[in-house]
Structure formats: C-alpha cells, structure tokens
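Here is a short tour of a protein fold, written for someone who likes to see how the pieces connect. Please keep the viewer open as you read.

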Amino acid sequence: LAQLVARAVRFLTHLDIGGNGIGDQGLEIVMAAVKEDSLIERIDVSNNSLSDQGALLVLDVLKQKPQIIQVNLSRHRFSDETKALFSSLPPTCAVDLADAVDPTVQVVERVVEVPQVV
C-alpha cells in the first residue's frame, strides 16, 4: 500500500491513509514521496501503527513543506517529548496529536452532499 500511495502522491492535495495499519517503515516510503514531489496540503495518518519515529518522519516533512496546513496524527500513543516537538511548527499548520480514543466509542462519519451548480 505504501509504495502505491507513494507513486500517486504527486497528483494529490489531500492524503488520507488513516486506519490502514501502516507502520513507520511504510510511512517512511510515503513521506519520502511527499517531500520529493507533491502538492499535498492535508495529511491524515490517524489510527495506524506509528511510533515516535513515524511522528518524527511527518514532522520532518512539515518543516520542509510549508504548504501543508493540516495533519491528523491522532489515535497513536506518542511520547510527550515527541508531541512537544510539533509546537515548533508555524501556526498555519494544524496538527491533531490526540491519543487513542476509548474503544467503546463508535466514530460516525457525516457525509454532506454538495449541490451541483448549473
């Protein structure tokens, strides 16, 4: 999955690979592609299998790609030291570092249909 995403990333502005079981190794492949050649503005890697090392990979990309304005790294258990490093980013980038949620709570996605303009 990571290699497939890495090949497609140059065509995307929003990368959502949350909940896919991606670990640090897979994320390293994806983040290298984002760093190299992309127009990505939003990244969602929530609810995967990332350690502090994965968070640091994302942080490195954020420092080099100021066009990224939103990152979701929630539902991981990063150390407080790693979380603190994200405070060095400019306020133009919103980062969600919330820990894992209560497994008894069901998350419901709301889908909104946008009417077509004729």
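A residue is called buried under 20% relative accessible area, exposed over 50%, and partly exposed in between. By that scale Arg75 is partly exposed, because its relative accessibility is 32%. Please keep in mind that this is a predicted model.

## The overall layout

Let us start with the whole chain. The protein has 4 helices and 4 strands, and along the sequence they follow the pattern α-β-α-β-α-β-α-β. Of its 118 residues, 36% count as buried. The protein exposes about 7700 Å², and carbon and sulfur atoms supply 51% of that area. Among contacts with a separation of 6 or more, 75% come from residues 24 or more positions apart.

The strands form an open sheet of 4 strands in the order S1-S2-S3-S4, with parallel pairing. S1 and S4 (94-96) are the edge strands, each pairing on one side only. On average, neighbouring strands of this sheet are turned by 0° against each other, direction ignored. Between S2 and S3, which run parallel, there are 3 bridges; Ile43 has Val71 in S3 as its bridge partner.

## The nonpolar core

In soluble globular proteins, nonpolar side chains tend to be buried together. Which residues touch the most other members of the largest nonpolar core here? They are Leu15, Met31, Val34 and Leu73, in a core of 30 residues. The elements that give two or more residues to this core are H1 (2-8), H2 and H3 (52-64). H3 gives the most, with 6 residues.

Val34 is a good residue to click on. Leaving aside neighbours within four places in sequence, Val34 is in contact with Val9, Leu15, Ile40, Ile43, Val61, Lys65 and Ile68. The backbone oxygen of Val34 also lies 2.8 Å from a polar atom of the side chain of Ser38.

Ser38 itself sits in the loop between H2 and S2 (42-44). Is Ser38 buried or exposed? Ser38 is buried, because its relative accessible area is 8%, and the cut-off for buried is under 20%. Not counting residues up to four places away in sequence, Ser38 touches Val9, Arg10, Ala33, Lys65 and Gln67. Val9 and Lys65 appear in the contact lists of both Val34 and Ser38.

## Two loop residues after S1

The loop between S1 (14-16) and H2 (24-36) holds Ile22 and also Asn20. Ile22 is buried, as its relative accessible area is 7%, whereas Asn20 is partly exposed at 41%.

Ile22 touches Leu1, Ile17, Leu27, Asn48, Ser49 and Leu50, not counting residues up to four places away in sequence. With the same kind of neighbours left aside, Asn20 is in contact with Leu1, Asn47 and Asn48. Leu1 and Asn48 thus turn up in the lists of both Ile22 and Asn20. Asn20 has a polar side-chain atom 3.2 Å from the backbone oxygen of Gly18.

## Pairs far apart in sequence

Three pairs can be set side by side, with distances taken from C-alpha to C-alpha.

| Pair | Separation in sequence | Distance in space |
|---|---|---|
| Ile22 and Leu1 | 21 residues | 8.3 Å |
| Asn20 and Ser49 | 29 residues | 8.5 Å |
| Asp80 and Asp52 | 28 residues | 9.7 Å |

In the last row, Asp80 belongs to helix H4. Asp80 counts as exposed, because its relative accessibility is 60% and the cut-off for exposed is over 50%.

## Two positive phi values

Most residues other than glycine have a negative phi. Which phi does Asn47 have? Asn47 has a positive phi of about 55° although it is not a glycine. Asn47 is found in the loop between S2 and H3, and is partly exposed with a relative accessible area of 35%.

Arg75 also has a positive phi without being a glycine, with a value near 65°. Arg75 lies in the loop between S3 (70-72) and H4 (80-85) and, as said at the start, is partly exposed at 32% relative accessibility.

Note on methods:
Residues are numbered from 1 along each chain as its sequence is written. This is a predicted model: local features need pLDDT of at least 70, side-chain atom pairs count only at pLDDT 80 or more; totals for chains, interfaces and linings use all residues. Side-chain values use heavy atoms; hydrogens and water are left out. Buried means under 20% relative accessible area, exposed over 50%, partly exposed in between (1.4 Å probe, protein chains only). Contact means heavy atoms within 4.5 Å. A polar contact is a pair of N or O atoms within 3.5 Å; within protein, one must be able to donate a hydrogen and the other to accept it, and residues adjacent in sequence count only if both atoms are side-chain atoms. A nonpolar core is a set of buried Ala, Val, Leu, Ile, Met, Phe, Trp, Tyr and Cys residues joined through side-chain atoms within 4.5 Å. Two strands pair if DSSP finds at least two bridges between them. Axes are lines fitted to C-alpha atoms, for helices over the stretch in contact, and angles run from 0 to 180 degrees between N-to-C directions. Accessible areas come from the Shrake-Rupley method with a 1.4 Å probe; for residues, only the protein chains shown count as cover.
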